[in-house]
Amino acid sequence: IPPWITDRSKNSLERKAPPLVRLHNEILQFCQFISPTKEELAARIKTIDEIKRVVLSHWPEAKVHVFGSQLTNILLPSSDIDIAVLDVPIAPDETVTDAILSLTDRIRHSIPVSYLEAVVNARVPIIKYDHTESNLSVDICINHDSGLRTGELILKASEQYPPLKPLSLVLKTFLVSNKEQFTRALFSSF
């Protein structure tokens, strides 16, 4: 019996149910099993609050939003935290790259990180860091809201189609667990 089957005594009754009902129930139990615990969710909130404090001490008028799996709640314990910092004031003689580098320096001196990088040559420049205390990875973009808009679209779709969340979690788990195989297959075709 897989570890996500919570009520093992119910399992004998479950075997009499039609196969698709059993599959449905097992998918829901699996999703509950792989979802972050209360403690892991609390660590995420603490990490988000910490970066909010740093950003707002640097740019008081900025708005800090989470997006991606943290927003949609389609997350695994290993999922990173995606943050969009909007309304960052950029002077006419500055660029988003300057703002990214400025915030990177502020993070370096304010947050315990084991890894920190400013990725400025990407289509959407970001700051990537690994938070030492929570062991969570964080990605931050500045003045770019497409991830936030996509997350809101997924939230609406999840509301309209409730099976979207559990199916996404199963697929996400499968992809994460087979990441190495997919990477090899992808690059072997070039």
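# A tour from a helix crossing to strand β5

Begin by selecting helix α2 (residues 19–34) and helix α7 (residues 164–177), whose axes come within 9 Å and cross at roughly 65 degrees. Bear in mind throughout that this is a predicted model. With both helices in view, turn the structure until one lies in front of the other, and note that α2 passes α7 in a left-handed crossing. Next, show the side chains where the two helices meet: I27, L28, F30, C31 and I34 on the α2 side, and P166, L169, V170 and T173 on the α7 side. By class, this contact between α2 and α7 comprises eight nonpolar residues and one polar residue, with no charged residues.

Leave the helices now and select strand β5 (residues 137–142). How many of the six residues of β5 are buried? Five of them are, and the strand is accordingly described as mostly covered.

Two neighbouring strands should be added to the selection, one after the other. Strand β2 (residues 81–86) runs parallel to β5 and is joined to it by five bridges; to see one of the pairings, pick A84, whose bridge partner in β5 is C141. Then add strand β4 (residues 126–131), which runs antiparallel to β5 and is likewise connected to β5 by five bridges. Follow the chain from β4 into β5 and you trace a hairpin with five residues between the strands. Within that turn, stop at N135, which has a positive phi of about 65 degrees.

Staying with this hairpin, select D139, a residue of β5. Which residues does D139 touch, once its neighbours within four places in sequence are set aside? The contacts are D80, I81, D82, I83, I126, I127 and K128. Of these contacts, K128 deserves a view of its own, since K128 has D139 as its bridge partner in β5, and the two residues also form a salt bridge, with the closest N and O atoms 3.2 Å apart. The pair links distant parts of the chain, with K128 in β4 and D139 in β5, eleven residues apart.

Colour these two residues by accessibility before moving on. Is D139 buried or exposed? D139 has a relative accessible area of 12%, and because the limit for burial is under 20%, D139 counts as buried. K128, at 28% relative accessibility, counts as partly exposed.

The structure holds three salt bridges, and the K128–D139 pair is one of them. For another, go to helix α5 (residues 96–110) and select R108 and D105, which both lie in that helix, three residues apart, or about one turn of the helix. Their side chains meet in a salt bridge of 3.4 Å, taken from N to O. Both partners are partly exposed here: R108 has a relative accessible area of 47%, and D105 has 38% relative accessibility.

As the last stop, select D145 and R149, which form a salt bridge whose closest N and O atoms are 3.3 Å apart. D145 is partly exposed, with a relative accessible area of 32%.

Terms used: Residues are numbered from 1 along each chain as its sequence is written. This is a predicted model: local features need pLDDT of at least 70, side-chain atom pairs count only at pLDDT 80 or more; totals for chains, interfaces and linings use all residues. Side-chain values use heavy atoms; hydrogens and water are left out. Helices (H or I, at least four residues) and strands (E, at least two) are DSSP runs, numbered from the N terminus. Buried means under 20% relative accessible area, exposed over 50%, partly exposed in between (1.4 Å probe, protein chains only). Contact means heavy atoms within 4.5 Å. A salt bridge is a side-chain nitrogen of Lys or Arg within 4 Å of a carboxyl oxygen of Asp or Glu. Axes are lines fitted to C-alpha atoms, for helices over the stretch in contact, and angles run from 0 to 180 degrees between N-to-C directions. A crossing is left-handed if the near helix is turned anticlockwise from the far one by less than a right angle, and right-handed if clockwise. Ala, Val, Leu, Ile, Met, Phe, Trp, Tyr, Cys and Pro count as nonpolar, Asp, Glu, Lys and Arg as charged, and the others, Gly among them, as polar. Two strands pair if DSSP finds at least two bridges between them.
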